[in-house]
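Take a walk through this structure, one chain at a time. Then look at where the chains meet.

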Amino acid sequence: MRREIPLAITFLIGVFMLVDFFVPHTAVTTSADELKQWGIIVIAASILLGIGNLVRVHSKKIARRNEGWGYSIITLTVMAVMLWLGLWPGAHLGPNEMIGTVEQGTPFNWMFLFMQVPLQSTMFSLLAFFIASAAYRAFRLRSAEASLLLIAAIIVMLGRVPLGQLLTRNLPEHAQLPWITETIMAYPNMAAFRGILMGAALGVMAMGLRIILGIERSYLGGEK
Amino acid sequence: MARGFNIRSIDRRIIFVLIFVAVAIPLIKPMGLPIGVSPPVQSLYDAVDALPPGTIVMLGGDYSPDSMPELQPMTIAFLRHAFKKDLRVVITCLWPASPPLIEAALTPLVEEFGKEYGVDYVNLGYMTGGPVTILGMGNSITGTFPRDYYGTPVGEIPLMDEVSNLSDVALVMEVSAGTPGTREWVQQAVSRFDVRLGSGTTAVGAPNFYPYVSSGQLIGLLGGLKGAAEYETLVGAPADATKGMDAQSIVHALIVFFILFGNVVYFVSKRSAAVADGRSRS
Amino acid sequence: MSWLQEFFTGAPGTTTAVVWGTWVGALLTLCIYSFLYKDNPFYKFAESLFVGIGAAYWLAILYHNTLKPKLFVALFPGDSGEPVLWYRVFPGILAIFMLLRFFPKLSWLSRWALAFIVGMYAAVNLTGFAQADFVEQIYATMTTPLTGGGVLSFILNLSAVVGVVAVLLYFFFSKEHKGAMGVAAKIGILYLMVAFGASFGYTVMGRVSLLIGRMTFLLRDWLHVID
């Protein structure tokens, strides 16, 4: 029963959502709409699960004094502070009046805007340095295909910035880098990604059917 | 690696310093390179520009701080255009980090254009669920977002009296950093509810969406910081994206140089290794 | 002198919260960039803050914007004037089931909640992909205009159609890539290489833009050396 009931739930919900797609009758759409709201709530619970798991991992690390456990204390402490600021009984995400000035907002907002925003955006901006280093070390003209890839990359890199426009501005329109770049994007690039898109769509459709029909069960885990 | 000059012997921190300098100098001493407008940006701008005053449009803000440098200028440029045209804007977010970022974009614009919350624009905040949430909005926006970002029931917001579902929205501008984002909006809203969708995406995502532009599923596309700069140019308010274009140009040129130099060094060292090999055999 | 003053107190009209915020943001930015030299305690400290604040932020906004209006207010509207939606008890139970995963003896119940989501997303994605990424792409390819736009337009549009077919054939592995099929697959590879090259170019653009964003923050908002 521990596997049959979930399989039945997946089948019933899946089939009903498919019916909702093909039968736009009020009785169907109203119920399907409510089911979507249920789905949103359950998804929210799955996010709670993920965050709970994060707390568990860091707590274990601290309890076992694993390497870097001090940093786990920082993570959990700042998490507790942020949670308190965001969830204490009077907490809100800022009244409408806060549109006007950031500082009228809550400390919760302050921590987000002045700590999370710089941390997250800087962390991802590190990639600019690494991609430059990778371009120097790894991008090699080893074959005809690689050369094509490299030429397309160079044209796009120069053609998508004002410099490319400046360098080729005196040439005929169809020889200017911005035009060539846009043509690459709109034709060969478009064609390749359309092919990939259609292939992936077939895969998703097949997987969807397998899940709904109970053929694909890996999401239920291995145990009985 | 071939003998002779060892390409890996160069400390990558030298490359890091060069990149750092190539970004900083054009920001400090701007060159003001010209910004041309590409067709997907122009068509999106034209579609928004053709809407009569008072029309309700939607802004889907689906990004987080990591893509903010690219996407925040798009949000600002689109909102500026909408407010300038007296369009009314409903904002929804499928990414948790978006609502305060959108709010930060709104703050100066609301003051500049004298817009009133709940009448001229509304921020419905974050809703989890991705494609299911978009699908839900197709039938009922108020059912899917029962309260706004600040917790006000949507029944108390005048603008929401006129917005029942996606068919009440003339155009959706989706500013997207990934999943859920542009793809989900095309799949759920365009195909099923005939929504007119424009999109601003990160540069990483943009090439994937050209099939949607070509098929007409997207009415226009802003790709990365350059797309944002183009929209800023069209709106007539050059801002952060435009200011970044000089630095963008110089760093691209530098990276192209790295690639070419790396290859020259590679082939030279390969050839000298082959020559040395030949000698040792003979 | 005025620059020095701005450096410590912010531009005229800036409030203390923003001045402090900018300094905190700048120092955290430098902590992260210190990783470029090598991994170090400053970077690790900033990383720990990032994880903690991010998770708590998500949880709080999830409560305020999703769980509160959709579940708690729906079940207990109090004097907000909104109707009681008693049937939201069911997703509430499923949500609790989901969290039972933390308790090994009852974790099997979380499969019910998982099954609900999986069934829903399987169907929603099935129809979404089928319509938008499959049928509409075939339609768009088949209706590509080949006439009326001049020679260049004809060549480009034809090349797009050829490209789509060639890429599809390249991904078709049920027949050996020999003869005509082999030629088509080779053409498919060429299209894919151009697309991947273009994607690489765009990826570089994206990464560099992120750096420009942070540098603008440091040079303008913190150091006040640019406008």
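In chain A, residues 24 or more positions apart account for 28% of the contacts with a separation of 6 or more. The model is a predicted one. What is the secondary structure of chain A made of? Chain A comes to seven helices and zero strands. Read along the sequence, the pattern is α-α-α-α-α-α-α. The radius of gyration of chain A is 26 Å, while the globule rule gives 17 Å for 224 residues, so chain A is more spread out than a compact globule. Along the principal axes, the C-alpha atoms of chain A fill a box of roughly 65 × 50 × 45 Å. Of the 224 residues of chain A, 42% count as buried.

Now turn to chain B. Here there are ten helices and six strands. Residues 24 or more positions apart make up 74% of the contacts in chain B with a separation of 6 or more. Of the 282 residues of chain B, 59% count as buried. What radius of gyration does chain B have? The value is 23 Å, whereas a compact globule of 282 residues would have one near 19 Å. The C-alpha trace of chain B spans about 90 × 40 × 35 Å along its principal axes.

The domain assignment splits chain B in two. Domain 1 of chain B takes in residues 7-30 together with 246-277. Domain 2 of chain B covers 39-238. In the sequence, then, domain 1 of chain B is written in two segments, 7-30 and 246-277. The centres of the two domains of chain B, taken over C-alpha atoms, are separated by 39 Å.

Chain C also has two assigned domains. Domain 1 of chain C is 1-84, and domain 2 of chain C is 145-227. How many Å separate their centres? Taken over C-alpha atoms, the centres of these two domains of chain C are 36 Å apart. The domains do make contact: eight residues come from domain 1 of chain C and seven residues from domain 2 of chain C. On the domain 1 side, α1 and α2 (16-33) of chain C are the elements that give two or more residues. The largest share of that side, four residues, comes from α2(C). By type, the domain 1 side divides into four nonpolar, three polar and one charged.

Start at the beginning of chain C and look at α1(C). Is this helix covered or hardly covered? Helix α1 of chain C, residues 2-9, is hardly covered. Among its eight residues, the count of buried residues is zero. After α1(C) comes C:Gly10, with a positive phi near 80°.

Further along chain C, follow helix α6 (residues 150-170) and its partner α7(C). The axes of α6(C) and α7(C) come within 7 Å and cross at roughly 110°. That crossing makes α6(C) roughly perpendicular to α7(C). Which residues meet here? From α6(C) come C:Gly163, C:Ala166, C:Val167, C:Leu169 and C:Tyr170. They meet residues of α7(C), among them C:Met181, C:Ala184, C:Ala185 and C:Ile187. Also on the α7(C) side are C:Gly188, C:Ile189, C:Tyr191 and C:Leu192. The residues of this contact divide into eleven nonpolar, two polar and no charged.

Next come the contacts between chains. Take chain A with chain C. Here 98 residues of chain A are in contact with 98 residues of chain C. Six helices of chain A each supply at least two residues to the side that touches chain C: α1 (4-22), α2 (26-63), α3 (69-87), α4 (107-138), α5 (144-159) and α7 (177-212). Which of them gives the most? α7(A) does, with 25 residues. The side of chain A that touches chain C divides into 75 nonpolar, 18 polar and five charged residues.

Chain C also touches chain B. This contact takes 42 residues from chain C and 47 residues from chain B. On the chain C side, the elements giving two or more residues are α3 (41-75), α5 (110-142) and α7 (179-222). The largest share, 17 residues, comes from α7(C). That side of chain C divides into 24 nonpolar, 14 polar and four charged residues. So α7(C) meets α6(C) within its own chain, and α7(C) also gives residues to the side that touches chain B.

Key
Residues are numbered from 1 along each chain as its sequence is written. Chains are lettered from A and ligands numbered from 1 in the order in which they are written. This is a predicted model: local features need pLDDT of at least 70, side-chain atom pairs count only at pLDDT 80 or more; totals for chains, interfaces and linings use all residues. Two residues are in contact if their C-beta atoms, placed from the backbone, lie within 7 Å. Ala, Val, Leu, Ile, Met, Phe, Trp, Tyr, Cys and Pro count as nonpolar, Asp, Glu, Lys and Arg as charged, and the others, Gly among them, as polar. The radius of gyration is taken over C-alpha atoms; the globule rule is 2.2 Å times the number of residues to the power 0.38. A residue is buried if 20 or more other C-beta atoms lie within 10 Å of its own, exposed if 12 or fewer, and partly exposed in between; C-beta atoms are placed from the backbone. Domain bounds come from an automatic or database domain assignment. Axes are lines fitted to C-alpha atoms, for helices over the stretch in contact, and angles run from 0 to 180 degrees between N-to-C directions. Angles under 35 degrees count as roughly parallel, over 145 as roughly antiparallel, 65 to 115 as roughly perpendicular and the rest as oblique.
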